[in-house]
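Student: I've got a model open and some time before my gel finishes. Can you walk me through it?
Tutor: Sure. Here it is.

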Amino acid sequence: MAKKNKKSALKKNAAPIISAPEEVIATQSVDLQQLGVVITRPADQSEFLVTQITEHHGHALNVPCLVILEPHNIEAAIEGCTQSAKTADYWAFTSPNAVDYAVRFGLDFSLNIPCISIGAGTTKRLEALTSAPIIQGDAPYTSEKLLEKLSTFDLGGKTINIYSGEGGRRLLANAMTAMGAIAQYVDVYRRDRPEHIDLTAVMDYANSHPVTILVSSQEAFGAYHDAAFSVDAHRTDRPLIVASERLADYVQTLGYTHIITAPSAVSQDMWQALVEAAPHLLLSTFDSTPEDSSMTEPNDKETTQLPEPELNVANTVDAVKEEQPEVTPQSTEKPAPITHNAAPQSSGGKSLSLLALALGVVGIGVGAFAFLQVSHESTRTQELNRTIVQQKTELETLSNALTNLQKTVATERGQSSNFTDLSDAQKQQQQNLLALQQRVGTLDSAINNLQADSGTASNRYNQLKDHIQQFESVVSNLDQSITQIGKMANDAQSDAVKTQNRLTSQLVEINSKIAALNTLEEHLSAKTDIDLLNLSQAQYLLNLANFKLTFEEDTTAAVNILKEASERLMATANAKFSETNNLIQSEIVKLQEIPTINRAEYATRIQHLIDAVPGIDTKSDDILGELKNSFKAEVDKDAANDDPNAKPWYSKAVDKIKPVFIVTQERTAAPELMSITDEVLLKQNMQMQLTTARLALLQHQAVTYQESLKAARTLLTNYFSPNDETYHQMLAALNELLNVNVAHDNLNIDPILKSFDASMLNYRGEGL
């Protein structure tokens, strides 16, 4: 099972995001084998990971890519942690840093305000400070997971202070507001990049060891990526362990392909993901110097399957044995250790050391031979070259060891005469020589076999080289297409990530609105009676129609309103309102039969009369005119008779008056029959009466209309001259206007209103 998972996780053409394996590797048994692990967290947050990596034989590379500082607006942070915090219904925290800095700025946890936590690390900090209830989102401890949790609570009208860092995602406040809460951010810290990020230790260690990178935040990895851009040519080939799917999407947009997703950004979850992925991270596929793509990436069109990449050097032979059990490598039993008697000279110890060295070299040679036999199926040229070079080096070492061994034997023979007990020394020496001869024979056989197999491996190497050249020619034709497809995929993935984030925010907002609408619908369905609503509207419409008839005498508007009220009553389908509805229909017919008056036309005619008043002659002008006209008639008669003694009309007037009056030549002005001022006021009074009649007509005031026209007619007949043609025109117009009936009798719907009120009492059960 574990072997199968390794293969699937290491396929180059598999999905780019690798989930953590299903098997849980016990933390205490993992051996990281000097795996380099880059930690990008702030310096004071990496202690747990550094300790675990070091204790399990890994190499922790602590590269802080973020520093936590106080916010720019410290006054706002203090206010949000003191005055504003006292009136809040909830305190929300987006990270452990938010808890620490909120305490620094005076947040009083003794108030026992309920808290909202983004994840387990933040909850742990809060539990140490307060006994109030804590609402926590589920793994992987993101804003989306927290909002899913909050959707089960009623936040309507609740005030929430969100303690966070500057520049983070502002998703929580908008979503909480959509849920009906009053949410505001209080920035209590800020994240910033260090002035300088030193990657020298990482690059030095990556030259000879595999290196992986832990990614717990987008800001930190963005800083690391920018710093590595100019110093690490293979940065995108290094495996990453990211804290969420969102971060996995982000690093993909930067070109990284070896991605493992941890459950969350909590240190324990990141460590567990590292432990579970350690076997994959130690494979050569993830080495710091990647192989040529034509040598490592399989082609879907090739029928020959390349073997999976080998493990690190310490486990190579065992891995090959496990994958190919049918190959039986040559083995040599290790002899029991030989115990020498104490010799008076040091040359005996030297010979034993050389003997042990020779045996060790024999073991290495046998192991190399076994590896060569097992790896004859491998098609990877680089692996085979490395094996051949290693074999040649071991052959030279074995040859040198054999030469030294032979010299040692000769020396031992020459020094055997120095032993105190020659018989014992000779016996011991013979045993040593016999054992050495046996081992030398075994060593010679192994060397011969290695030399033969080396020649066979060279032939296979040449064949493999030709095959690989053909394969490279095929792969090289696909490089340009693959590069273009990769670029298009990265662009599409980036757009998809942005779209997903936007849609997620919109989905949360829509869900909250749907929940509010469902609540409103339930409230309305429980407390609203549609029939009662229609009856209330019908009552209002009946009162409005009565107002239109009584005060405005507007029958047209009243008819339309009554029709709408009838529709409301019919919508109830209640027999109790049948009588009221019949009365409404009868009233509609009655009002439609009343003739309508074009009030605007009559108002225009009255305005014409008003404009003609200043030109009418008064009766005082008429008396003087008649006297003048009589004298003028006599003068005209004399002129017609050609009387040479004819006098002017004024002379004749004097002659007629002389018998009655004594005429003197006094210049005393005679009083006028009507002063000019009286005439002007008279005409203005008449115009005012006509204007009043016009306004009363437009405002449906029939009594005022009639009285004003009668007053205007009285003024016309009493003070204006009937000899004027305009006088007769105005008198005829006034009489016609007075005959117009602008008032209608019984324009009210009181019977309908009374019938409706009685029906409503019956509907409610209060009637007889």
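Student: Let's start with one residue. Is Ile-78 buried, partly exposed or exposed?
Tutor: Ile-78 is partly exposed, with a relative accessible area of 38%. Buried means under 20% relative accessible area, exposed means over 50%, and partly exposed is in between, with a 1.4 Å probe and protein chains only.

Student: Before I trust that, what kind of model is this?
Tutor: This is a predicted model: local features need pLDDT of at least 70, side-chain atom pairs count only at pLDDT 80 or more, and totals for chains, interfaces and linings use all residues. Residues are numbered from 1 along each chain as its sequence is written, and side-chain values use heavy atoms, with hydrogens and water left out.

Student: Fine. Which helix is Ile-78 found in?
Tutor: Helix H3. Helices are DSSP runs of H or I with at least four residues, strands are runs of E with at least two, and both are numbered from the N terminus.

Student: How far apart are the C-alpha atoms of Ile-78 and Ala-102?
Tutor: They are separated by 8.4 Å. Along the chain, the two residues are 24 residues apart.

Student: And what does H3 pack on?
Tutor: Let me give you the sheet before the helix. Six strands form an open sheet with mixed pairing, in the order E4-E9-E8-E5-E6-E7. Two strands pair if DSSP finds at least two bridges between them.

Student: Which strands stand at the edges?
Tutor: Strand E4 (67-69) and strand E7 (134-136). Each has a single partner strand, so one side of each is left without a neighbour in the sheet. From one strand to the next, the twist averages 25°. Now your helix: H3 (residues 74-81) packs on the sheet and touches E8 and E9. Its direction makes about 135° with that of E9. Contact means heavy atoms within 4.5 Å. Angles run from 0 to 180 degrees between N-to-C directions, and axes are lines fitted to C-alpha atoms, for helices over the stretch in contact.

Student: Which helix lies across E5, E6 and E7?
Tutor: Helix H6 (residues 120-127). H6 runs at about 170° to E7.

Student: Back to E8. How many of its residues are buried?
Tutor: Six of the eight residues in E8 (residues 159-166) are buried, so the strand is mostly covered.

Student: How many bridges join E8 to E5, and how many pair E8 with E9?
Tutor: Four bridges join E5 (residues 90-93) to E8, and they run parallel. Phe-93 has Tyr-163 in E8 as its bridge partner. E8 and E9 (residues 182-192) are also in the parallel sense, over eight bridges. There, Ile-160 has Ala-183 in E9 as its bridge partner.

Student: What about E5 and E6?
Tutor: Parallel, with three bridges. Trp-91 is partnered by Cys-115 in E6.

Student: Switching topic. How do H19 and H20 pack?
Tutor: The axes of H19 (residues 555-572) and H20 (residues 578-593) come within 10 Å and cross at roughly 160°. Therefore H19 and H20 are roughly antiparallel to each other. Under 35 degrees counts as roughly parallel, over 145 as roughly antiparallel, 65 to 115 as roughly perpendicular and the rest as oblique.

Student: Which residues make the contact?
Tutor: Among them are Leu-562, Lys-563 and Leu-569 of H19, and Ile-584, Glu-587 and Ile-588 of H20.

Student: What does H27 do with H20?
Tutor: H20 and H27 (residues 750-763) pack at about 165°, with their axes 9 Å apart. That makes H20 roughly antiparallel to H27. On the H20 side, the residues are Glu-579, Thr-580, Leu-583, Ile-584 and Glu-587. They meet Pro-751, Ile-752, Ser-755, Phe-756 and Ser-759 in H27.

Student: Which phi does His-57 have, and where does His-57 sit?
Tutor: His-57 has a positive phi of about 65°, although it is not a glycine. It is in the loop between helix H2 (47-55) and strand E3 (59-62). At 45% relative accessibility, His-57 counts as partly exposed.

Student: And Asn-112?
Tutor: Asn-112 also has a positive phi, of about 55°, and is not a glycine. Its loop lies between helix H5 (96-104) and strand E6 (115-117).

Student: Last one. How many helices and strands does the protein have?
Tutor: 27 helices and 12 strands. Buried residues make up 38% of the 768 residues.
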